[in-house]
Amino acid sequence: MSFSVSIILPVMNETFSLRQTVEIIAAENSADIAEYIIVYCNKTTQESLAIITELRKSYPDKIMPLKQTLPFLGGAVRDSFGICKGSHVVMMASDLETDPHLVKDFIKLAKDNPEAIITATRWKTKGGFAGYNPMKLMFNWVFQHLFSLLYRTRLSDMTYGYRIFPAELIKKIHWEELKHPFLFETIVKPLRLGTKVIEIPTKWEARKEGESQNPFFRNFIYFRIGFKTLFYSKNRITRKKGNH
Ligand SMILES: Nc1nc2c(ncn2[C@@H]2O[C@H](COP(=O)(O)OP(=O)(O)OP(=O)(O)O)[C@@H](O)[C@H]2O)c(=O)[nH]1
Ligand SMILES: [Mg+2]
């Protein structure tokens, strides 16, 4: 299959952030992008839906609006995994907390390493977190170090949901999480399957509009999938018939 990229953009309350995300990616990577799957749900605001309509006019062949059937952020991304057409898939946000300029670097590395996951890290950049809650930052540091030991990996940011995957890989994995811990699941399961993962540094900046859908207490639920996956066999991780 020739190289092409599906960009997954879940949206709840973003307007100019969503538009800017698509415009930057289109300007810097146009030829490589197969589609932008913009995933919305019943709670997505009218303002955001209006931006999707505008974007469809500007990029008629590339914008694929998708109404999610599974709930929450993980559900939105999992629905997109099911329909994406590209050889590679970028998972990101539409609130500008995932710097759209990085997509061109993901693509360059993915072309040289088509079987690998390329993922962004906020922990290898000076001032990698601008406006991050200090409690959450400390918790995040401890979490990253614990799981890098458990998974025997040098990765420094396994919870940041900004990565490019080979489509074949994400389609064969049996996914479980529906909420934000799904972002973590998308790295631990491939790691257990022996997938090569390359990290590139990025700066994280807090969103300028709307609010996060991830309350602080939910961060504790990330442990569950991290521990469970450690003990799974490879067969349990890859999708089997009747195992959806
Ligand atoms: N379609 C859809 N989009 C969602 C849902 N939950 C979150 N999103 C979008 O997914 C992106 C990431 O969600 P956020 O809630 O900002 O999560 P986050 O920034 O990873 O989490 P924190 O850093 O913990 O705040 C944003 O663009 C959201 O609008 C959902 O249930 N459905
Ligand atoms: Mg966010």
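Biologist: Which residues in α1 meet which residues in α4?

Modeller: Good place to start! Keep in mind that this is a predicted model. I25, E28 and N29 of α1 meet V103, K104 and I107 of α4. Sorted by class, the residues of this contact are three nonpolar, one polar and two charged.

Biologist: At roughly what angle do the axes of α1 and helix α4 cross?

Modeller: To read this, picture a line through each helix. For α1 and α4 (residues 103-112), those axes cross at roughly 45 degrees and come within 9 Å. Angles under 35 degrees count as roughly parallel, so α1 is oblique to α4.

Biologist: And how do α1 and α2 pack, at what angle and how far apart?

Modeller: Use the same two readings, an angle and a distance. Helix α1 covers residues 16-29 and helix α2 covers residues 46-58; they pack at an angle of about 25 degrees, and their axes are 9 Å apart. That makes the two helices, α1 and α2, roughly parallel. You can also look for the hand of a crossing, and for α1 and α2 the crossing is right-handed.

Biologist: Which residues make the contact between α1 and α2?

Modeller: From α1 come L18, R19 and V22, and they meet S48, I51 and L55 from α2. This contact divides into four nonpolar residues, one polar and one charged.

Biologist: Let me try another pair. How do the axes of α7 and α8 lie?

Modeller: Find helix α7 at residues 181-192 and helix α8 at residues 222-230. Their axes cross at roughly 15 degrees and come within 9 Å. The two helices α7 and α8 are therefore roughly parallel to each other, and α7 passes α8 in a right-handed crossing.

Biologist: Which residues of α7 and α8 meet?

Modeller: On the α7 side they are P181, F184, E185, V188, K189 and R192; on the α8 side they are Y222, R224, I225, G226 and T229. By class, the contact of α7 with α8 holds five nonpolar, two polar and four charged residues.

Biologist: Now the strands. In what order do they form the sheet?

Modeller: To read a sheet, walk across it from strand to strand. Here seven strands form an open sheet with mixed pairing, in the order β3-β2-β1-β4-β7-β5-β8.

Biologist: Why do β3 and β8 each have one side without a neighbour in the sheet?

Modeller: Because β3 (63-67) and β8 (197-201) stand at the edges, each having a single partner strand. If you ignore direction, neighbouring strands of this sheet are turned by 25 degrees against each other on average.

Biologist: In what sense do β2 and β3 pair?

Modeller: They pair in the parallel sense, over five bridges. To see one of these for yourself, look at I37, whose bridge partner in β3 is M64.

Biologist: Which strands does α7 lie across?

Modeller: Helix α7 lies across β4 (88-91), β5 (117-121), β7 (163-166) and β8, and runs at about 140 degrees to β8.

Biologist: Last topic, the ligand. Which residues come nearest to ligand 1?

Modeller: Think of a ligand's surroundings as a shell of residues. Ligand 1 has 20 residues around it, of which P10, M12, S212, Q213 and N214 come nearest. This shell has 10 nonpolar, seven polar and three charged residues.

Biologist: Which element gives the most to that shell?

Modeller: That is α3, with three residues. Both β2 (33-40) and α3 (72-83) supply at least two residues of the shell around ligand 1.

Terms used
Residues numbered from 1 in each chain as written. Chains lettered and ligands numbered in written order. Predicted model: local features only at pLDDT ≥ 70, side-chain atom pairs only at ≥ 80, totals over all residues. Near = placed C-beta within 6 Å. Helix = DSSP H or I, 4+ residues; strand = E, 2+ residues; numbered from the N terminus. Nonpolar A, V, L, I, M, F, W, Y, C, P; charged D, E, K, R; others polar. Axes fitted to C-alpha atoms, helices over the stretch in contact; angles between N-to-C directions. Parallel < 35°, antiparallel > 145°, perpendicular 65-115°, else oblique. Left-handed = near helix turned anticlockwise from the far one by under 90°. Contact = placed C-beta atoms within 7 Å. Pairing = 2+ DSSP bridges.
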